[in-house]
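Student: I am new to this structure. Please take a close look at how its nonpolar side chains are placed, inside and outside. Then show me what lies around them.

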Amino acid sequence: MARANLDKKPDEVAAMFDSVAQRYDLTNDVLSMGQDRQWRRATLTALAAQPGERVLDLAAGTGTSSEPLADAGVLVVPCDLSEGMLGVGKRRRPDLPFVAGDALHLPFADASFDAVTISFGLRNVPDVPAALAEMLRVTRPGGRLVVCEFSTPTFAPFRAVYTGYLTRALPRVAQAVTRDSEAYTYLAESIRDWPDQRELGRTVKRAGWDQVAFRNLSGGIVALHRGTRPA
């Protein structure tokens with residue numbers, strides 16, 4: 001299969017996700033031991049989208065994160081780099097307006113959305129500050145950003161166990177579920193290479209977002225970062 005590297009070339013990242021699209025949601029559920037559902041609920045709560053608001057769901061994949069928004073009356077636009085992932089989602093939810101797009105060059109006008117959210121996708125972008133600036137561009141003044149991303153466990157003994165799981169167990173479990181562990185070897189590498197909560201918060205702030213804050217989930221395995229576009 002195609003395997004992305006830490007230079008995160010968009011065509012390689014897209015091809016990698018295309019190759020795992022059919023079993024992507026199941027694999028996430030298995031690898032996270034069901035915690036991904038808790039993380040999605042927490043993201044929705046932080047986003048606090050109201051019926052009628054326009055929300056951009058970046059790195060939406062198959063639309064798992066977009067479905068509850070649409071069902072609640074939010075005008076959500078799922079956007080992803082991987083057309084394979086979008087295709088799986090479109091077959092399941094043909095009512096959702098899936099859009100193929102690169103986070104570095106979003107195909108939307110300035111101030112198009114009341115809120116932007118991205119879950120487990122910012123880590124796969126080659127230029128994080130530029131992606132955050134693009135999200136700022138398409139968000140209206142006073143609009144909101146919520147980033148859900150893997151992070152650094154706060155308890156040192158657990159952090160060591162978690163690092164071992166990423167390195168040794170995660171690719172093996174993924175191999176058993178998908179028969180293809182390469183994408184999940186990249187996953188482990190990209191998580192280890194990712195900045196911690198405070199450093200990502202500083203990056204969000206430097207990109208122009210205001211009122212930046214973060215909250216740890218699952219002991220810091222995941223962190224929610226929030227920001228507001230200055231009025």
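Tutor: First, a term: helices and strands here are DSSP runs, of at least four residues for a helix and at least two for a strand, numbered from the N terminus. Keep in mind that this is a predicted model.

Start on the outside. F155 sits in the loop that joins β5 (139-150) to α7 (156-178). The cut-off for exposed is over 50% relative accessible area. F155 counts as exposed because its relative accessibility is 56%. F155 is part of a nonpolar surface patch with F158 and V161. Together the three have about 310 Å² of accessible area.

Now go inside. The largest nonpolar core has 39 residues, and W39, F150, Y184 and V222 touch the most other members. Several elements each supply at least two residues of this core, including α1 (10-20), α3 (35-47), α7 and β7 (222-228). Helix α8 gives the largest share, six residues.

Take F150 as a way in. Set aside its neighbours within four places in sequence. F150 then contacts W39, F120, R123, Y162, L187, I191, W194, I221 and V222. Two of these names, W39 and V222, were met above among the residues that touch the most other core members.

Another core lies apart from this one. It has 26 residues, among them L106, L132, M135 and L145.

Helix α6 (residues 128-138) is worth a look here. Its buried residues are V128, A131, L132, E134, M135, L136 and V138. L132 and M135 were just named in the 26-residue core. The buried residues of α6 pack against β1 (54-58), β4 (113-119), β5 and α9 (197-206). At the start of α6, a side-chain oxygen of D127 comes to within 3.1 Å of the backbone nitrogen of A130.

Two buried loop residues round off the tour. S66 belongs to the loop between β1 and α4 (67-71). S66 is buried, at a relative accessible area of 0%. Beyond its neighbours within four places in sequence, S66 is in contact with D57, A60, V76, P78 and L96.

R93 lies in the loop between α5 and β3 (99-100). Buried means under 20% relative accessible area. R93 has 16%, so R93 counts as buried. Its side chain makes a polar contact with the side chain of D71, at 3.0 Å. Not counting residues up to four places away in sequence, R93 touches E67, A70, D71 and F98.

Key: Residues numbered from 1 in each chain as written. Predicted model: local features only at pLDDT ≥ 70, side-chain atom pairs only at ≥ 80, totals over all residues. Heavy atoms only, no water. Patch = residues over 30% accessible without salt bridge, like charges linked within 9 Å, V, L, I, M, F, W, Y side chains within 5 Å. Areas by Shrake-Rupley, 256 points an atom, 1.4 Å probe, with all protein chains shown as cover. Salt bridge = Lys/Arg side-chain N within 4 Å of Asp/Glu carboxyl O. Buried < 20%, exposed > 50% of the residue type's maximum accessible area, 1.4 Å probe, protein only. Contact = heavy atoms within 4.5 Å. Polar contact = N/O pair within 3.5 Å; in protein donor to acceptor, adjacent residues only side chain to side chain. Core = buried A, V, L, I, M, F, W, Y, C linked by side-chain atoms within 4.5 Å.
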